[in-house]
Structure formats: C-alpha cells, structure tokens
Amino acid sequence: QVHLVESGGGLVQPGGSLRLSCVASGNIGIQNAMGWYRQAPGKEREVVATMNTGGSPNYVDSVKGRFTISRDNAKNTVYLQMNSLKPEDTAVYYCYVGLVVSLKYQQFWGQGTLVTVSS
C-alpha cells in the first residue's frame with residue numbers, strides 16, 4: 001500500500017526557513033496530487049499546499065508568497081519550502097497523496113513532522 005514519510009521539521013526562529021520533504025512509496029499512479037496539511041494545536045486541519053502531476057500549485061492564502069511546493073515525480077517526492085516563518089505556522093505538517101484507484105478516489109497521508117516557530 002501507499003506509504004509516506006515526512007522529514008525536515010524542527011524549531012526555527014520567526015522569519016526563518018525550513019524545507020519539508022516527503023517520500024512516497026507504493027503505487028501512487030501516474031496522475032495524482034501531492035501536498036501538505038497542517039494542524040495547529042486546538043485548530044482544524046487545513047490544506048496548506050497542493051500540486052498535481054502537471055505541476056500546478058495551489059496554496060492557502062495565509063502562506064502565499066512565503067511557501068513553495070515542488071515535487072520530483074521520478075522520485076515520488078514532494079517538498080515544501082517554508083520561508084518567512086511566523087509563530088502561527090507552528091503545527092504538525094502532514095504530507096498526502098490523492099489518487100484514483102479502481103475509479104475510487106483515495107487519499108493517503110504520513111505520520112507528520114512538527115514545525116515550531118518561536119523565539
């Protein structure tokens with residue numbers, strides 16, 4: 001089955017940068033979407049960024065201009081470059097892949113990596 005492993009989280013000062021990575025294994029097909037959720041303490045999970053196989057990125061408004069999603073299709077890897085980090089970016093970040101298998105949409109996600117933005 002599909003398995004995703006995130007890495008790159010940690011503690012960073014406000015205004016700093018981190019790059020998250022996520023490697024997917026298993027059959028994720030040719031056409032799919034990969035991206036990142038985040039969940040801050042006590043808050044609802046939200047989609048931060050997503051990108052389909054063709055390379056079209058989408059971002060939640062709060063991270064536009066600061067975060068960049070990219071992917072390496074050959075390596076089944078998705079990245080999230082996070083710049084100008086703010087304390088409100090503190091959350092557990094989860095990568096995901098969404099794809100259609102046997103005409104059924106399925107979504108898989110990793111275990112998460114914690115990003116803490118604090119002085």
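**Exercise 1. Thr53 in its surroundings**

Locate Thr53 among the strands, which lies in the loop between two of them, then decide whether Thr53 counts as buried or exposed and list what Thr53 touches.

*Solution.* Let's start with the position: Thr53 belongs to the loop that links β5 to β6 (57–59). Keep in mind that we are working with a predicted model. Next comes accessibility. The relative accessibility of Thr53 is 18%, and the cut-off for buried is under 20%, so Thr53 counts as buried. Finally, look for neighbours, leaving out residues up to four places away in sequence: Thr53 touches Ile30, Gln31 and Asn32, along with Arg71 and Asn73.

**Exercise 2. Strand β4 and its partners**

Work out how many residues of strand β4 are buried, and find how β4 runs relative to β5 and to β9.

*Solution.* Step one is the burial count. Strand β4 covers residues 33–39, and 5 of its 7 residues are buried, so the strand is largely enclosed by the rest of the structure.

Step two takes us to β5 (residues 46–52). This strand runs antiparallel to β4, and 6 bridges join the two. For a concrete pair, pick Trp36, whose bridge partner in β5 is Ala49. The two strands form a hairpin with 6 residues between them. In the turn, Gly42 has a positive phi of about 75°.

Step three is β9, which is joined to β4 by 7 bridges, again in an antiparallel arrangement. Here a handy pair to display is Gly35 and Tyr96, with Tyr96 standing opposite Gly35 in β9.

**Exercise 3. Lys43 in the hairpin loop**

Place Lys43 in the loop between its strands, classify Lys43 as buried or exposed, and find the C-alpha separation between Lys43 and Thr77.

*Solution.* Lys43 sits in the loop between β4 and β5. Its relative accessibility is 57%; exposed requires over 50%, so Lys43 counts as exposed. Now compare sequence and space: Lys43 and Thr77 are 34 residues apart along the chain, and their C-alpha atoms are separated by 27 Å.

**Exercise 4. Positive phi after β9**

Determine the sign of phi for Ser102 and for Leu103, then give the accessibility of Ser102 and of Leu103.

*Solution.* First, the location: Ser102 lies in the loop between β9 (91–101) and β10 (104–109), and Leu103 is placed in the loop between β9 and β10 as well. Second, the backbone: phi is near 50° for Ser102, a positive value in a residue other than glycine. For Leu103, phi is near 65°, also positive in a non-glycine residue. Third, the surface: Ser102 is exposed, with a relative accessible area of 73%, and Leu103 is exposed at 86%.

Technical notes. Residues numbered from 1 in each chain as written. Predicted model: local features only at pLDDT ≥ 70, side-chain atom pairs only at ≥ 80, totals over all residues. Heavy atoms only, no water. Helix = DSSP H or I, 4+ residues; strand = E, 2+ residues; numbered from the N terminus. Buried < 20%, exposed > 50% of the residue type's maximum accessible area, 1.4 Å probe, protein only. Pairing = 2+ DSSP bridges. Contact = heavy atoms within 4.5 Å.
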